[in-house]
Structures are given as C-alpha cells and as structure tokens.
Amino acid sequence: MTTATKTYAQANAEAWSETILNHWDAFRWADDLRSTAKGLHSETRQILEDAGAIFGDDDQLTDDAYPCTVIGSHVLERVQELALSVELRSEWMTVDQFHRTEDLEAGAFRILLTYGGPHLEIRGEVDACGYAQNPRLFYSEMGQPEAELKLSAAPYYALEWFALQFVCA
C-alpha cells in the first residue's frame with residue numbers, strides 16, 4: 001500500500017484556504033453584530049482581536065472594543081493586504097476586433113497569493129456585471145505542473161467572498 005505524500009505547495013494551499021476561511025468567519029462575525037467569542041477558531045479570534053475586538057474572561061465583547069462595523073472594516077482592510085497582485089484579462093480576440101473595441105470588459109481574473117516555490121493563485125471568471133465568479137485555487141512547486149485544491153462547501157464560499165473583495169464592479 002502506498003500513501004500519497006502531501007507536497008509543500010499543497011500544504012501551503014490548504015493553509016491559505018484556512019486563513020481565507022478564518023477571515024470570512026471574522027467578517028461574518030462582525031457583520032452579524034455578534035458579541036461572543038465562544039466557538040470561534042483561534043485564528044478567527046486573533047483576526048478579530050487584531051481588528052479591535054476585546055473579549056473579557058467570559059469570551060464576551062467588552063465595552064472597550066471597537067464597534068462591530070469598525071471591526072468588520074478592519075478585517076476587510078487586512079484582506080486587501082493578503083494579495084500580492086490582482087490581474088484581469090479580457091477574452092481572446094483578433095487584432096482587428098481589438099482595434100474596433102472601445103471598452104474592453106474583463107473575462108477572467110487572477111489573484112496571486114504566493115509565487116516561486118510554492119506558487120499559489122486564485123483564478124476565475126468575471127461575469128457580465130464585473131463580479132468574480134467560479135474561483136478556483138491553484139498551486140504548484142517550482143518546476144512542477146500546477147494542481148487545483150479541491151474545496152468543500154464552506155472553504156469554497158469563503159474563497160468566493162475573498163475573490164469578490166478584489167474583483168467587483
């Protein structure tokens with residue numbers, strides 16, 4: 001029996017997926033105006049504390065904490081700092097079509113998270129209204145072919161939310 005060995009690039013992709021999920025959870029926590037830290041993942045709690053949440057010994061938000069709307073804004077600012085680059089491209093067209101087109105519309109996006117070894121990026125399409133859709137997480141080791149990290153429902157929804165922070169009308 002052989003066991004598949006997880007590559008460093010795959011472990012990096014999984015860790016980033018978890019980080020994105022924790023930022024999504026932190027934003028939803030603030031957006032829902034919650035006041036307790038009970039049941040939060042430790043990384044989610046740390047993100048909230050970095051954004052201005054102060055929890056007492058009973059895990060309840062104290063009066064010294066920033067308002068939830070401010071905490072949510074700080075989480076979004078932190079998300080903006082996670083991407084190394086965000087790129088858009090239009091659909092393929094001939095040179096003649098290009099010269100006749102006044103307003104090019106983006107057809108695809110790429111959000112670069114890490115590069116080199118390991119390389120990690122989110123790719124997807126841009127819909128007709130200018131919003132990110134169908135994001136997918138691709139990783140690779142230097143000199144190796146890329147692979148897609150398959151996500152379950154919650155990490156996928158978090159990835160959609162994350163991509164929309166960068167690619168929206």
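**Exercise 1. Decide whether cysteine 68 and cysteine 129 are buried or exposed, and find how many disulfides the structure holds.**

Step 1: Cysteine 68 has a relative accessibility of 10%, so it counts as buried, because buried means under 20% relative accessible area, exposed over 50% and partly exposed in between (1.4 Å probe, protein chains only).

Step 2: Cysteine 129, at 54%, is exposed.

Step 3: Counting a disulfide as a pair of cysteine sulfur atoms within 2.5 Å, the structure holds zero.

A word on the model: it is predicted, so local features need pLDDT of at least 70 and side-chain atom pairs count only at pLDDT 80 or more, while totals for chains, interfaces and linings use all residues. Residues are numbered from 1 along each chain as its sequence is written, and side-chain values use heavy atoms, with hydrogens and water left out.

**Exercise 2. Place leucine 76 and list its contacts.**

Step 1: Look in helix α3, residues 68-80, for leucine 76; helices (H or I, at least four residues) and strands (E, at least two) are DSSP runs, numbered from the N terminus.

Step 2: With a relative accessible area of 26%, leucine 76 is partly exposed.

Step 3: Set aside neighbours within four places in sequence, and leucine 76 is in contact (heavy atoms within 4.5 Å) with Phe27, Trp161 and Gln165.

Step 4: Histidine 23 is 53 residues from leucine 76 in sequence, yet their C-alpha atoms are 8.4 Å apart.

**Exercise 3. Describe the largest nonpolar core.**

Step 1: A nonpolar core is a set of buried Ala, Val, Leu, Ile, Met, Phe, Trp, Tyr and Cys residues joined through side-chain atoms within 4.5 Å.

Step 2: The largest one has 39 residues, and Phe109, Ile111, Leu113, Ile122 and Phe162 have the most contacts inside it.

Step 3: At least two residues of this core come from each of α1 (8-31), α2 (42-50), α3, β2, β3, β4 and α5 (153-164). The largest share, 10 residues, is from α1.

Step 4: Not counting residues up to four places away in sequence, phenylalanine 162 touches Ile20, Val79, Leu82, Ile111, Leu113 and Ile122.

**Exercise 4. Which strands line the largest pocket, and which gives the most?**

Step 1: A pocket, on a 1 Å grid over the protein atoms alone, is an open set of points where a 1.4 Å probe fits, with protein on both sides within 12 Å along at least five of seven lines; lining residues have an atom within 4 Å of a point.

Step 2: β1 (85-90), β2 (106-114), β3 (119-126) and β4 (132-140) each supply at least two lining residues.

Step 3: β3 gives the most, with four residues.
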